[in-house]
Amino acid sequence: MAETMQALVIDRTGEADELHLAEVPRPTRVSDEVVVRVVAAGVNPIDAKTRAGRGVAAAIGSYPAVLGNDFAGVVEAVPYAAHPLQPGDRVYGMGRVPRLGGSYAEFIAVSSLSVAPMPASLGFAEAAAVPLAALTAWGAVIDTARAHEGQRMLVHAASGGVGHFAVQLAAYFGAEVTATCSARNVDFVRSLGARHVIDYTSERFEQVASEQDVVIDLIGNVADDTGTRSLDVLRPHGLVVNVPTGSWPTMADEAAARGIRATGYSVSPDARTLAVITRLIDDGSVRVHVDRELPLAEGAEAHRLLEGGHVRGKVVLRVGADPA
Ligand SMILES: NC(=O)c1ccc[n+]([C@@H]2O[C@H](COP(=O)([O-])OP(=O)(O)OC[C@H]3O[C@@H](n4cnc5c(N)ncnc54)[C@H](OP(=O)(O)O)[C@@H]3O)[C@@H](O)[C@H]2O)c1
């Protein structure tokens with residue numbers, strides 16, 4: 001009989017209470033995959049959307065399903081003897097859930113293209129907060145918007161998981177960052193490198209910001225027509241990068257009518273970019289903010305927190321003890 005492990009699973013999509021601990025088969029590796037003993041798992045909005053039957057729930061192959069993309073942990077098994085990753089290495093990365101089993105579990109098997117040595121300056125909980133959100137921020141701000149000196153960039157939801165990395169990366173590459181968040185996060189977002197901060201609860205951002213080259217839209221039209229209103233602050237031929245794909249179905253037509261470029265975005269697991277992010281963390285250029293660390297068994301509470309929409313930085317689940 002296959003070895004088993006403890007995991008936080010769902011037996012069907014639904015409310016956060018569907019998440020429960022169970023014994024499930026322990027994953028085995030194939031081809032280029034490594035097996036990682038998970039110490040901490042990051043929690044992302046896509047986990048909660050998928051659990052609720054939205055997000056990428058259509059790709060759930062069978063139940064019980066293990067959700068969770070991000071992880072930090074210790075390498076257990078590698079594809080071949082001379083592989084650059086070795087058993088015992090401290091690593092972090094992200095999986096492709098729900099195509100494969102996720103990180104809310106004691107072990108995960110993932111492509112070695114998705115795993116990098118974790119920053120030496122971080123503990124496991126902080127490291128687990130990084131991969132999906134920081135890779136998304138990198139993909140939107142650097143790969144897509146080409147952040148550079150003097151570029152004017154507005155970042156919505158700047159205090160959240162993706163946003164707090166997006167502000168730091170944009171500022172690091174020289175962009176003049178304007179950021180939106182609520183009053184309680186203004187100082188936090190300024191400390192990340194935002195030149196201008198707009199409290200969206202007391203000001204309409206389109207009345208304060210203008211002539212932006214880029215909007216990194218982490219809200220879309222889910223709240224207060226944030227996507228559509230973002231078109232008002234962009235210069236002609238400016239670019240809006242809409243990260244919550246599907247949140248603004250009319251984006252392409254609305255932007256084209258205004259002479260503005262618009263694109264969605266989708267994150268990829270990418271060890272090489274993660275290795276660059278590791279360096280920026282270890283040299284102090286980028287920092288990680290963990291709002292709450294909860295035990296794996298309290299995954300439902302983690303999802304509820306995220307669904308509240310006001311997490312600062314990240315929520316992380318503790319899966320196992322730190323290795324000796
Ligand atoms: N396409 C992809 O590959 C991809 C990848 C990653 C994430 N995403 C999506 O991108 C979105 C953001 O993800 P995330 O992890 O950053 O979310 P998150 O951490 O849950 O974002 C929370 C933050 O949003 C802020 N916020 C809430 N309403 C706001 C508003 N109206 N204006 C400005 N800020 C507001 C909150 O600040 P206050 O508390 O100050 O209100 C809070 O700090 C999610 O929809 C997620 O699913 C997509």
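**Reading sheets and helix packing in a predicted model**

Six strands, in the order E11-E10-E9-E12-E13-E14, make an open sheet with parallel pairing. This is a predicted model, in which local features need pLDDT of at least 70, side-chain atom pairs count only at pLDDT 80 or more, and totals for chains, interfaces and linings use all residues. Residues are numbered from 1 along each chain as its sequence is written, and side-chain values use heavy atoms, leaving out hydrogens and water.

Q: Which strands are the edge strands of that six-strand sheet?

A: In general, strands of a sheet pair through backbone hydrogen bonds, either parallel or antiparallel. Here, two strands pair if DSSP finds at least two bridges between them, and strands (E, at least two residues) and helices (H or I, at least four) are DSSP runs numbered from the N terminus. The edges are E11 (196-199) and E14 (261-263), each pairing on one side only. From one strand to the next, the twist averages 15°.

Q: How many bridges join E10 to E11?

A: Four bridges join E10 (residues 176-181) to E11, and the two run parallel. Thr-180 stands opposite Ile-198 in E11.

Q: What is the strand order in the antiparallel sheet?

A: That open sheet has three strands, ordered E2-E1-E4, with antiparallel pairing. E2 (20-25) and E4 (65-66) are at the edges with a single partner strand each, so one side of each has no neighbour in the sheet. Six bridges join E1 (residues 4-10) to E2, and Val-9 stands opposite His-20 in E2.

Q: Is His-156 buried or exposed?

A: Buried means under 20% relative accessible area, exposed over 50%, and partly exposed in between (1.4 Å probe, protein chains only). His-156 has 1% relative accessibility, so it counts as buried. His-156 sits in the loop between E9 (152-155) and H4 (161-172). Beyond neighbours within four places in sequence, its contacts (heavy atoms within 4.5 Å) include Thr-180, Phe-205, Asp-217 and Ser-230.

Q: How do H3 and H9 pack?

A: Two packed helices are described by the angle between their axes and the distance between the axes. Axes are lines fitted to C-alpha atoms, for helices over the stretch in contact, with angles running from 0 to 180 degrees between N-to-C directions. H3 (residues 131-144) and H9 (residues 271-282) pack at about 100°, with axes 10 Å apart. They are therefore roughly perpendicular (65 to 115 degrees).

Q: Which residues meet there?

A: Pro-131, Ala-134, Leu-135 and Trp-138 in H3 meet Thr-273, Leu-274, Val-276, Ile-277 and Leu-280 in H9.

Key
Angles under 35 degrees count as roughly parallel, over 145 as roughly antiparallel, 65 to 115 as roughly perpendicular and the rest as oblique.
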